[in-house]
Structures are given as C-alpha cells and as structure tokens.
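Please examine the sequence and the structure displayed below. The briefing that follows is arranged by topic.

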Amino acid sequence: MAEQSLLAAAELMRGEIDTAQWFRSVPRSAVVDLRADTAAIICRGLSGNITVLRTRDGLVVCDTGSVETGPMILEAIRRWDPGTPVHTVLYTHGHFDHVNGMRLVVEGAGGNGRPRPRVLAHEKGVALMPLWLASRILR
C-alpha cells in the first residue's frame with residue numbers, strides 16, 4: 001500500500017494525476033522503511049508525511065503533522081518502533097500542518113513517565129507556531 005502511494009506521488013510530481021487522485025492512493029497511515037533506522041510515515045490528510053529516525057537516545061521525529069494526522073502519525077511510529085521514546089522533534093517550519101501533532105507527543109511522554117522531547121526549530125519558525133506550542137517550547 002505504501003509503495004502504491006509513492007508511485008502515485010511520483011505521478012503527481014510529473015503532473016500525470018491531480019491531488020485528489022493522489023489522496024485516494026494514500027492509506028490511513030503507512031510506514032516506508034528507508035534504511036535500517038529510518039522510516040517515512042505517510043498518512044491521508046493535510047501534511048501527513050513525516051520522517052522518523054532511531055538513534056541511541058531515542059526517536060527523532062521530523063515534523064508532527066496536523067491535528068487530523070497527528071494521531072495517525074503516532075500510531076504508525078508505534079507500529080514501526082513500539083518501545084523507543086521520542087527524544088527529539090525537529091521542525092522544518094512552524095505551519096499548523098507540521099506542528100500540531102506535538103501535543104500528542106508531549107502527552108504520550110508524560111503519560112509514560114518520560115521527559116518531554118526536546119524541540120529543534122528555527123526561532124523564526126517558532127514565531128509561526130500556535131501559541132500553546134510556542135509557549136511550551138520556550139519554557
């Protein structure tokens with residue numbers, strides 16, 4: 001299923017299909033193993049594509065998705081690696097469709113007695129983040 005989504009993404013980039021056709025090819029969530037310790041998570045919805053890396057210190061998650069895709073992303077991460085905590089979240093930028101899954105990451109860490117993940121983001125990106133998230137990052 002994930003491979004079908006990747007093929008459809010290539011068709012979208014070449015202009016052979018439109019966005020609606022691509023979305024129909026995307027599963028609720030899928031994990032694509034890129035390397036031994038790296039996976040892409042593909043989800044149906046606005047900004048449901050993220051990358052996760054497994055390190056000695058824990059998982060590094062690049063973006064956390066939107067309110068809609070955040071739960072699907074976390075479910076897929078747990079299918080890929082059920083036991084390793086999220087250690088770091090790296091934000092590419094502060095738009096809502098890339099950062100709003102963070103609330104679930106923070107709640108998951110606290111619910112399991114683990115520390116909140118550290119957040120890496122450019123200061124200009126933090127200015128675009130929702131106030132609740134920026135206030136947590138800056139504390």
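How do the residues of the lining of the largest cavity divide into nonpolar, polar and charged? Five of these lining residues are nonpolar, three are polar and one is charged. The model is a predicted one, and the points below set this cavity beside the other features of the protein.

**Overall organisation**

- The secondary structure of the protein consists of seven helices and six strands.
- Along the sequence, these elements follow the pattern α-α-β-β-β-β-α-β-α-α-β-α-α.
- The protein has 139 residues, and buried residues make up 42% of them.
- If one takes the contacts between residues at least 6 apart in sequence, 52% join residues at least 24 apart.

**The largest cavity**

- The count of cavities of 30 Å³ or more comes to one, and the volume of the largest cavity is about 30 Å³.
- The residues that line the largest cavity are Val 61, Asp 63, Thr 64, Gly 70, Ile 73, Leu 74, Ile 77, Gly 101 and Val 105.
- Helix 3 provides the largest share of this lining, with four residues.
- Ile 73, one of the lining residues, is located in helix 3.
- Ile 73 has a relative accessible area of 1% and is therefore buried, since buried means under 20%.
- Ile 73 and Ile 41 are 32 residues apart in sequence, yet their C-alpha atoms are 6.6 Å apart in space.

**The largest pocket**

- The volume of the largest pocket is about 180 Å³.
- Its lining is formed by Leu 74, Arg 78, Pro 85, Val 86, Leu 104, Val 105, Gly 108, Ala 109, Asn 112, Arg 114, Pro 115 and Pro 117.
- Eight of the residues lining the largest pocket are nonpolar, two are polar and two are charged.
- Helix 3 (70-80) and helix 5 (102-111) each contribute at least two residues to the lining of this pocket.
- Helix 5 gives the most to the lining of the largest pocket, namely four residues.
- Leu 74 and Val 105 appear in the lining of the largest pocket and also in the lining of the largest cavity.

**Thr 38 and its contacts**

- Thr 38 belongs to strand 2, which covers residues 38-43.
- Is Thr 38 buried or exposed? Thr 38 is buried, because its relative accessible area is 14%, and the cut-off for a buried residue is under 20%.
- Apart from its neighbours within four places in sequence, Thr 38 contacts Val 32, Asp 33, Thr 51, Val 52, Leu 53 and Trp 80.

**Trp 80 and aromatic rings**

- Trp 80, one of the residues in contact with Thr 38, has Arg 54 over the face of its ring, at 4.2 Å from the ring centre.
- In general, a pair of aromatic rings is described by the distance of the centres and the angle of the planes.
- A search of the whole structure for aromatic pairs finds zero.

**Ile 17 in a loop**

- Where is Ile 17 placed? Ile 17 is in the loop between helix 1 (2-13) and helix 2 (19-25).
- The relative accessible area of Ile 17 is 17%, so this loop residue is buried.
- Leaving out neighbours within four places in sequence, the contacts of Ile 17 are with Ala 8, Glu 11, Leu 12 and Trp 22.

Technical notes. Residues numbered from 1 in each chain as written. Predicted model: local features only at pLDDT ≥ 70, side-chain atom pairs only at ≥ 80, totals over all residues. Heavy atoms only, no water. Buried < 20%, exposed > 50% of the residue type's maximum accessible area, 1.4 Å probe, protein only. Contact = heavy atoms within 4.5 Å. Phe/Tyr/Trp six-rings, centres within 6.5 Å; stacked < 30°, edge-to-face > 60°. Lys NZ or Arg CZ within 6 Å of the ring centre and 35° of its normal. 1 Å grid on protein atoms, 1.4 Å probe; cavity = no way out; pocket = protein on both sides within 12 Å on 5 of 7 lines; lining within 4 Å. Points joined across faces, edges and corners; volume = space filled by probe spheres on them. Nonpolar A, V, L, I, M, F, W, Y, C, P; charged D, E, K, R; others polar.
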